Amino acid sequence: GCSRPSRNAHVIEHSFYNTVWERFDYVYSDVSLKEAATFDLNMRIRFTDDYPFDYFEMVFTVFDGHGDRYRAKGYKFDLKDGNGAWKSAPADGCHTYEFPINKELKIADAGKYRFQIEYRMPKTPIVGIKDLTLINNN
């Protein structure tokens with residue numbers, strides 16, 4: 001099966017090994033900044049063969065400490081080719097992808113921010129996603 005990876009210090013790490021991802025079940029992390037910061041974000045996401053779609057669609061949003069939207073962007077990533085074959089070779093029972101999310105995301109003010117991921121797929125609950133990690137490459 002798709003084995004659980006070891007945990008590292010990242011902006012967001014979320015496992016779906018004991019659950020499924022429901023619509024409006026946001027994955028997020030609160031980040032406290034003591035000064036201005038720049039983030040270079042990638043998302044690593046792992047799927048099993050149970051995942052029913054050829055793509056993955058999501059919205060990445062950053063909220064400020066008042067809950068106001070600081071930045072939001074939608075993404076759609078192709079996971080399979082035109083014949084329905086995965087574009088990633090399986091390892092440990094999972095297909096792993098790493099996608100760029102935001103290069104040089106600048107946050108000018110210190111404070112508390114929420115980094116949030118919302119899946120935008122046409123079915124709920126969504127099966128076959130095992131975990132996701134939002135990585136800051138800075």
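Arg 44 has a relative accessible area of 27% and is therefore partly exposed. In this predicted model, Arg 44 has a partner: Glu 98 forms a salt bridge with it, and the closest N and O atoms are 3.3 Å apart. Glu 98 belongs to strand β6 and Arg 44 to strand β3, so this pair ties together parts that are 54 residues apart in sequence. Glu 98 is itself partly exposed, since its relative accessible area is 38%.

With that pair in view, let me turn to the chain as a whole. The chain contains 8 strands and 0 helices. Reading from the N terminus, the order of elements is β-β-β-β-β-β-β-β. The C-alpha atoms occupy a box of roughly 45 × 30 × 30 Å along the principal axes. For 138 residues, a compact globule would have a radius of gyration near 14 Å, and the 15 Å of this chain agrees with that.

How much of the chain is buried? Buried residues account for 43% of the 138 residues. The exposed surface of the chain comes to about 7,700 Å², and 43% of that surface is supplied by carbon and sulfur atoms.

The contacts tell us how the sequence is brought together. Among contacts with a separation of 6 or more, 76% are between residues 24 or more positions apart.

Thr 61 offers a local example. Thr 61 sits in strand β4, which covers residues 55–63. With a relative accessibility of 5%, Thr 61 counts as buried. Setting aside neighbours within four places in sequence, Thr 61 is in contact with Arg 69, Arg 71, Ala 72, Arg 114, Phe 115 and Gln 116.

I come now to the charges. The chain carries 19 positive and 20 negative charges, and the mean positions of the two sets are 1 Å apart. How many salt bridges does the structure hold? There are 6 salt bridges in the structure.

Arg 114, already mentioned as a contact of Thr 61, takes part in one of them. Its side chain meets that of Asp 30 in a salt bridge, at 2.7 Å from N to O. Arg 114 lies in strand β7, residues 111–119, and Asp 30 in strand β2, residues 27–33, so the two tie together parts that are 84 residues apart in sequence. Arg 114 counts as partly exposed, at 27% relative accessibility. Asp 30 also counts as partly exposed, at 37% relative accessibility.

Strands β3 and β6, which hold Arg 44 and Glu 98, appear again in the next pair. The side chains of Lys 103 and Asp 40 meet in a salt bridge, with 3.7 Å from N to O. Lys 103 is found in strand β6, residues 95–107, and Asp 40 in strand β3, residues 37–47, so this pair ties together parts that are 63 residues apart in sequence. Are these two residues buried or exposed? Lys 103 is exposed, with a relative accessible area of 61%, whereas Asp 40 is buried, with a relative accessible area of 17%. Buried here means under 20% relative accessible area, which is why Asp 40 falls into that class.

There is also a group of three residues to mention. Arg 23, Glu 118 and Arg 120 are linked in a network of salt bridges.

Finally, I turn to the backbone. Most residues other than glycine have a negative phi, and most peptide bonds are trans. Which residues are joined by a cis peptide bond? The cis bond joins Thr 124 and Pro 125, with omega at about -10 degrees. Pro 125 lies in the loop between β7 and β8, the latter being residues 129–136.

Two residues call for attention on account of phi. Phe 24 is a residue other than glycine with a positive phi, near 65 degrees. Phe 24 is placed in the loop between β1, residues 12–15, and β2. With a relative accessible area of 54%, Phe 24 is exposed. Asp 92 likewise has a positive phi in a residue other than glycine, near 55 degrees. Its place is in the loop between β5, residues 69–78, and β6. Asp 92 is exposed, with a relative accessible area of 55%.

Key
Residues are numbered from 1 along each chain as its sequence is written. This is a predicted model: local features need pLDDT of at least 70, side-chain atom pairs count only at pLDDT 80 or more; totals for chains, interfaces and linings use all residues. Side-chain values use heavy atoms; hydrogens and water are left out. Helices (H or I, at least four residues) and strands (E, at least two) are DSSP runs, numbered from the N terminus. The radius of gyration is taken over C-alpha atoms; the globule rule is 2.2 Å times the number of residues to the power 0.38. Buried means under 20% relative accessible area, exposed over 50%, partly exposed in between (1.4 Å probe, protein chains only). Contact means heavy atoms within 4.5 Å. Accessible areas come from the Shrake-Rupley method with a 1.4 Å probe; for residues, only the protein chains shown count as cover. Lys and Arg count as positive and Asp and Glu as negative; His and the chain ends are not counted. The place of a charge is taken as NZ of Lys, CZ of Arg, CG of Asp or CD of Glu. A salt bridge is a side-chain nitrogen of Lys or Arg within 4 Å of a carboxyl oxygen of Asp or Glu.
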